[in-house]
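Visitor: I am new to this structure, and I would like to understand the words used for it. Could you show it to me and then take my questions in turn?

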Amino acid sequence: MSDKVKNYLSVAFFAFFGGISRYYLGKIWQSSGTIVANLAGCFLLAFLTCYVIERDLLAGWLNVGLGTGFIGAFTTFSSFTVDFMKLVNAHHLIHAMVYLSISILGGFLCVTLGYILASRLVKKEKGEF
């Protein structure tokens with residue numbers, strides 16, 4: 001099987017589980033489920049990129065499946081935007097600004113934490129800690 005076909009199948013397989021996971025978070029926590037999914041996705045993608053992919057721990061098709069497939073389907077800009085606009089349209093401007101701030105600043109924080117954790121693990125494994 002070619003690498004291209006493996007990548008396509010891997011993305012499709014993992015996207016199914018990422019989408020289902022996000023769907024259930026949304027069912028359990030409504031708009032908060034979108035924030036949880038997006039923040040967790042920020043952390044996971046940073047960690048996956050900086051630790052797993054950079055260290056070449058998994059096959060390429062598996063990296064693509066986890067990053068693009070699972071995390072890509074798990075996170076959602078569209079639901080975030082719809083949730084934000086619902087708050088704005090309902091004239092809950094303070095809540096909308098809090099939602100926006102948590103999503104953006106929290107996303108940067110989660111990426112930073114994922115990167116720092118991955119970097120520290122790499123240094124520890126190399127004996128540089």
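What follows is a conversation about how some residues, ring pairs, a pocket and the cysteines are described.

Guide: Please keep in mind that this is a predicted model.

Visitor: What makes the phi of Asp56 worth pointing out?

Guide: Most residues other than glycine have a negative phi. Asp56 is not a glycine, and yet its phi is positive, about 55°. Asp56 sits in the loop that runs between helix H2 (31-53) and helix H3 (60-74).

Visitor: Why is Asp56 called exposed?

Guide: The relative accessible area of Asp56 is 61%, and exposed means over 50%, so Asp56 is called exposed.

Visitor: Where is His91, and why does the word exposed apply to His91?

Guide: His91 lies in the loop between helix H4 (77-89) and helix H5 (93-125), and its phi is positive too, at about 65°, although His91 is not a glycine. Its relative accessible area is 69%, and the cut-off for exposed is over 50%, so His91 counts as exposed.

Visitor: Why is Ile116 described as partly exposed?

Guide: Ile116, which is found in helix H5, has a relative accessible area of 35%. Buried requires under 20% and exposed over 50%, so a value in between makes Ile116 partly exposed. Its C-alpha atom is separated by 25 Å from that of Tyr99, and the two residues are 17 apart along the chain.

Visitor: How many aromatic pairs are found in the whole structure, and why is the pair of Phe13 and Phe14 called edge-to-face?

Guide: The search finds nine aromatic pairs. The ring centres of Phe13 and Phe14 are 5.2 Å apart with the planes at 90°; a pair needs centres within 6.5 Å and edge-to-face needs planes over 60 degrees apart, so both conditions are met. Phe13 is partly exposed at 49% relative accessibility, whereas Phe14 is buried at 16%, a value under the 20% cut-off. Phe13 and Phe14 also belong to one aromatic cluster with Phe16 and Phe17.

Visitor: How do you know that Tyr23 and Tyr24 form an edge-to-face pair?

Guide: For Tyr23 and Tyr24 the distance is 5.3 Å centre to centre and the angle between the planes is 75°; set against the limits of 6.5 Å and 60 degrees, these values give an aromatic pair that is edge-to-face. Tyr23, at 45% relative accessibility, is partly exposed, and Tyr24, at 49%, is partly exposed.

Visitor: What lines the largest pocket, and what makes its lining free of charged residues?

Guide: The largest pocket holds about 240 Å³ of space. Of its 14 lining residues, the closest to the centre are Asn38, Cys42, Thr75, Ser103 and Gly107. H2, H4 and H5 each give two or more residues to the lining, with the largest share, five residues, coming from H2. Asp, Glu, Lys and Arg count as charged, and the lining divides into eight nonpolar, six polar and no charged residues.

Visitor: Why do Cys42 and Cys110 not count as a disulfide?

Guide: The search of the whole structure finds zero disulfides. The sulfur of Cys42 has that of Cys110 as its nearest cysteine sulfur, 6.3 Å away; a disulfide needs the two sulfur atoms within 2.5 Å, so the distance is too far for a bond. Cys42 is partly exposed at 23% relative accessible area, whereas Cys110, at 16% relative accessibility, counts as buried.

Conventions: Residues are numbered from 1 along each chain as its sequence is written. This is a predicted model: local features need pLDDT of at least 70, side-chain atom pairs count only at pLDDT 80 or more; totals for chains, interfaces and linings use all residues. Side-chain values use heavy atoms; hydrogens and water are left out. Helices (H or I, at least four residues) and strands (E, at least two) are DSSP runs, numbered from the N terminus. Buried means under 20% relative accessible area, exposed over 50%, partly exposed in between (1.4 Å probe, protein chains only). Rings of Phe, Tyr and Trp (its six-membered ring) pair if their centres lie within 6.5 Å; planes under 30 degrees apart count as stacked, over 60 as edge-to-face and the rest as tilted. On a 1 Å grid over the protein atoms alone, a cavity is a set of points where a 1.4 Å probe fits but cannot get out, and a pocket is an open set with protein on both sides within 12 Å along at least five of seven lines; lining residues have an atom within 4 Å of a point. Grid points are joined across faces, edges and corners, and a volume is the space filled by probe spheres set on the points.
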